[in-house]
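Reader: Please examine one part of this model closely and set out how its residues are placed, paired and packed. I should like a single connected account that I can follow against the coordinates.

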Amino acid sequence: MNASNSFSGYYLTMQQISAIDQPQQALTASVEVLQAGGLVALPTETVYGLAADATNGRAVADIFALKGRPKFNPLICHVADLAMACRYGIFDAWAEKLATQFWPGPLTLVLPMQASCEIHDLVSGGLDTIALRCPRGIVARIANSLDRPLAAPSANISGRLSPTLASHVVAEFGDKIDLVVDGGPCKFGLESAIVKISDNQIVVLRAGAVTAGQLEECIGRPIIRAPKDARPEAPGMMRSHYAPRAELLLDQPAASEGQALLGFGKDAFAAENIPFLNLSETGNLPEAAANLYDYLKQLDQTGVATIVVQAIPHDGIGEAINDRLQRAAVPRQIGSGTK
Ligand code: TXA
Ligand code: MG
């Protein structure tokens, strides 16, 4: 096979398979591509990920190259279950409790790495910790078949909005990846919560669908929220990240001519000549989270210079929605946090 126009050299052009209509074919094809050192875009309950075998350095390097991602930004390892996770990370009683309660699900645990860890060094960016997540669905089944974790960042160019539909991935990468598995719209629509457990402390590095309140309830003690101006420990903590092309103006009631409006709730309204989408007409926060990136992308594509976003409550998953909006709204400078 002449694979010269394939990024990782497996298929000539990208293949697309539906995980809903053809679950077995999607599983078999994904395992085949990953075993051959290729990259596969896969649906998770949070966002679509761009996956490689976490022990294959060449494949992991392809992820960094394709995303334009700085090498110091480590990747999450996606596992089949807690037993697989224990081969790579050191679980204390809290970590075990959180994994037991929230896996499979939208929670990533950053833990000390096991000494004999065959995950490639590029994955952890030279850190002595490892980020582990067990998602629900096809990713866990693939990890189980491979008997190895999948290193997978969100399947977008670094700094841009994460994909919540297979079509977002195709628009971003076209034929540069071997296989896109279409699982329909992602249920949560925001990246996983990232929690670091070390030095007898539990710190939320990135807010997500598993909320700080749920974490506290599970372990029965207060958790620490990483301060907004802290030195970024997870690049998802960088002030500018998850950004559309247009400038964002947050917490405004209305948009004027030449702007677009991203509304929330039953009273949201815009004049006819203003591009307008409503994250949730009923004011439902999980629905708003699931729509957030797709609607930002759609409004961005209208070509407006500014997207005005109405106020969104901070409770529950609203904390993560507001976190992402604030990062998307930070003015970008070349060479700043946009990569
Ligand atoms: O929901 C998600 O988490 C999605 C899906 C695909 O699983 N993945 C995702 O990956 O959002 P990514 O690469 O876009 O964001 C992962 C974040 C990055 O901010 C990275 O810096 C952080 O996890 N991270 C990974 N390993 C880490 C470690 N050892 N210590 C601290 N942060 C880490
Ligand atoms: Mg990302």
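Author: Contact here means heavy atoms within 4.5 Å; helices (H or I, at least four residues) and strands (E, at least two) are DSSP runs, numbered from the N terminus. This is a predicted model, in which local features need pLDDT of at least 70 and side-chain atom pairs pLDDT 80 or more, while totals for chains, interfaces and linings use all residues. Residues are numbered from 1 along each chain, chains are lettered from A and ligands numbered from 1 as written, and side-chain values use heavy atoms without hydrogens or water.

The part chosen is helix H10, which spans residues 318–329 and includes Arg-327. Leu-325 also lies in H10. Arg-327 has a relative accessible area of 9% and is therefore buried (buried is under 20%, exposed over 50%, partly exposed in between, with a 1.4 Å probe and protein chains only). Leu-325, at 3%, is buried as well, and Arg-324 has a relative accessibility of 1%.

The charged residues of this helix take part in salt bridges (a side-chain nitrogen of Lys or Arg within 4 Å of a carboxyl oxygen of Asp or Glu). Glu-191, Asp-323, Arg-324 and Arg-327 are joined in one network of such pairs. Within this network, Arg-324 meets Asp-323 at 2.8 Å, N to O, and both of these residues are buried. Arg-324 also pairs with Glu-191, with 2.7 Å between the closest N and O atoms. That second pair connects distant parts of the chain, since Glu-191 sits in the loop between strand E8 (179–182) and strand E9, 133 residues from Arg-324. Glu-191 is itself buried, at 3% relative accessible area.

A contrasting pair is Lys-266 with Asp-267, whose salt bridge spans 3.7 Å, N to O. Lys-266 is exposed at 69%, and Asp-267 is exposed at 64%. The model holds 11 salt bridges by this rule.

Glu-191 is also among the contacts of Ser-162, as are Tyr-242, Tyr-293 and Lys-297. Ser-162 is buried, with 0% relative accessibility, and belongs to the loop between strand E7 (150–151) and helix H7 (166–173).

Elsewhere in H10, Leu-325 touches Leu-248, Leu-250, Leu-292, Leu-296, Val-309 and Ile-312, residues up to four places away in sequence being left out. The C-alpha atoms of Leu-325 and Leu-248 lie 8.1 Å apart, although 77 residues separate the two along the chain.

Helix H10 is also one of the elements against which the buried residues of helix H8 pack, others including helix H4 (93–102) and strand E9 (193–198). In H8 (residues 212–219), those buried residues are Ala-212, Leu-215, Cys-218 and Ile-219.
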